[in-house]
Amino acid sequence: MTLKEKTLNYYKQLVQDKIDAFQDMISNLTDDAQNDAKGSAGDKHETALSMMHLEQEKLNHKLKEFLEQKGVLDKIDASKETKIITLGSVVKANGILLFMSAALPKIKIEEKNIIALSPQSPLGNKLLGQQVGYSFEINGTKYLIEEVQ
């Protein structure tokens, strides 16, 4: 399995774990709200119910973000080889490994740190469509693309 395939699989699992966790939390909150509604009345009850709904909205918003990230990852074909940077490329620039996908946490695979970045980010935007040897500058830092997988 290539580094690109391992990276994609790792991120897919990470995002799926987050989706599962948020779905569980939302489900638990829904159950709590239904159970609470059966046995309570009054201002304290209304306040608690309102707080649960606010929390549920926040969780739904986070869940939506992770579902969007999953959608991006699902579009990537890790077996596809290309010399031009596209969604799913693993790029080495200034000795840093970057995975063009969605903005996700830094991970370590095969003792290598990998940073996932979105094509909409300033760095991702500059990289998209480029190839080995291209150099550019962002915020005073010069970058040189050394490798594309």
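Strands β5 and β6 run antiparallel and pair over four bridges. This is a predicted model. Strand β5 covers residues 135-138, and β6 covers residues 141-148. Two residues lie between the strands of this hairpin. There, N139 takes a positive phi near 50°.

Two opposite pairs are listed here.

| Residue in β5 | Opposite residue in β6 |
|---|---|
| I138 | T141 |
| E137 | K142 |

Which residues of β5 sit on its covered face? They are F136 and I138. The uncovered face holds S135 and E137. In a regular strand, side chains alternate between the two faces of the sheet.

Now the whole sheet. It is open, has six strands and mixed pairing, and follows the order β3-β4-β2-β1-β6-β5. Its edge strands are β3 (104-109) and β5, and each pairs on one side only. From one strand to the next, the twist averages 35°.

Next, the nonpolar cores. The largest has 26 residues. Y11, L73, F99, L104 and I114 have the most contacts inside it. Five elements are named as giving two or more residues to this core: α1 (3-39), α2 (43-74), β2 (96-100), β3 and β4 (112-117). The largest share, nine residues, comes from α1. Domain 1 (3-75) and domain 2 (84-148) both give residues to this core, so it lies between them.

L73 shows the kind of contacts involved. Leaving out residues up to four places away in sequence, L73 touches L8, Y11, K12, V15, F99, S101 and L104. Another core lies apart from the largest one. This other core has 13 residues, among them A93, L117, L127 and V148.

Key
Residues are numbered from 1 along each chain as its sequence is written. This is a predicted model: local features need pLDDT of at least 70, side-chain atom pairs count only at pLDDT 80 or more; totals for chains, interfaces and linings use all residues. Side-chain values use heavy atoms; hydrogens and water are left out. Buried means under 20% relative accessible area, exposed over 50%, partly exposed in between (1.4 Å probe, protein chains only). Two strands pair if DSSP finds at least two bridges between them. Axes are lines fitted to C-alpha atoms, for helices over the stretch in contact, and angles run from 0 to 180 degrees between N-to-C directions. A nonpolar core is a set of buried Ala, Val, Leu, Ile, Met, Phe, Trp, Tyr and Cys residues joined through side-chain atoms within 4.5 Å. Domain bounds come from an automatic or database domain assignment. Contact means heavy atoms within 4.5 Å.
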